[in-house]
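I opened this entry to look up two things: how the nonpolar residues group, and where empty space is left inside.

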Amino acid sequence: MIKKVCIETQKNDVFDITEEVKRIVAESGIQEGTCILYTPHTTASLGITSKMDPAGFEDLKDEINRLIPTRIDFKHMFDTPSDAAGHIKSTLFGVSLTFIVTGGKLLLGGSQGIYFLEFDGPRSRNYLVKVVAD
């Protein structure tokens, strides 16, 4: 089963998608297997980080932008100044995640959350969730 989830992002957004992914896994009826998340975008990414402190998201955004700032001297400039930086960020952070499904639930650590990271935006985005039985 593949479920497509659509979202509307703002510039440099971080979306908590944990509960939506958990719901999709539960609705799949699969008790033991694998959950694969994928986003078909080149200026967005998927990641896992702590959900315990909302200030952590600000730190995450700040550090990503410090490491790969938006600049006007990139060789690739397409539609926005943040486009080239977004491609680099997406490549480094990745566009897919894989999880274990056990007992009909997504296996996550107690403080782990799943996040959609927008590196350009605003955009209409999506991510796909595929749940596969063992």
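I count as a nonpolar core a set of buried Ala, Val, Leu, Ile, Met, Phe, Trp, Tyr and Cys residues joined through side-chain atoms within 4.5 Å. The model is predicted.

**Entry 1: cores**

I looked up the largest nonpolar core first. It has 21 residues. Val 21, Cys 35, Leu 37 and Ile 114 have the most contacts inside it. I then checked which elements supply at least two residues each to this core. They are helix H1 (18-28) and strands E1 (2-8), E3 (33-38), E4 (44-50), E5 (96-102), E7 (112-118) and E8 (124-133).

Apart from this core I found another, of five residues. Phe 57, Ile 64, Tyr 115 and Leu 117 are among them.

**Entry 2: Cys 35**

What does Cys 35 touch, leaving out residues up to four places away in sequence? I listed Val 21 and Val 25, then Leu 97, Thr 98, Phe 99, Val 101 and Leu 106. Val 129, Lys 130 and Val 131 complete the list.

**Entry 3: cavity**

I searched for cavities of 30 Å³ or more and got one. Its volume is about 80 Å³. Which residues line this cavity? I noted Asn 12, Asp 13, Val 14, Leu 60, Lys 61, Ile 64, Asn 65, Lys 89, Leu 117, Glu 118 and Phe 119. Helix H2 (55-67) and E7 each give two or more residues to the lining. The largest share, four residues, comes from H2. By type, I sorted the lining into five nonpolar, two polar and four charged residues.

Ile 64 and Leu 117 appear in my notes twice: they belong to the five-residue core, and they line the cavity.

Note on methods:
Residues numbered from 1 in each chain as written. Predicted model: local features only at pLDDT ≥ 70, side-chain atom pairs only at ≥ 80, totals over all residues. Heavy atoms only, no water. Buried < 20%, exposed > 50% of the residue type's maximum accessible area, 1.4 Å probe, protein only. Contact = heavy atoms within 4.5 Å. 1 Å grid on protein atoms, 1.4 Å probe; cavity = no way out; pocket = protein on both sides within 12 Å on 5 of 7 lines; lining within 4 Å. Points joined across faces, edges and corners; volume = space filled by probe spheres on them. Nonpolar A, V, L, I, M, F, W, Y, C, P; charged D, E, K, R; others polar.
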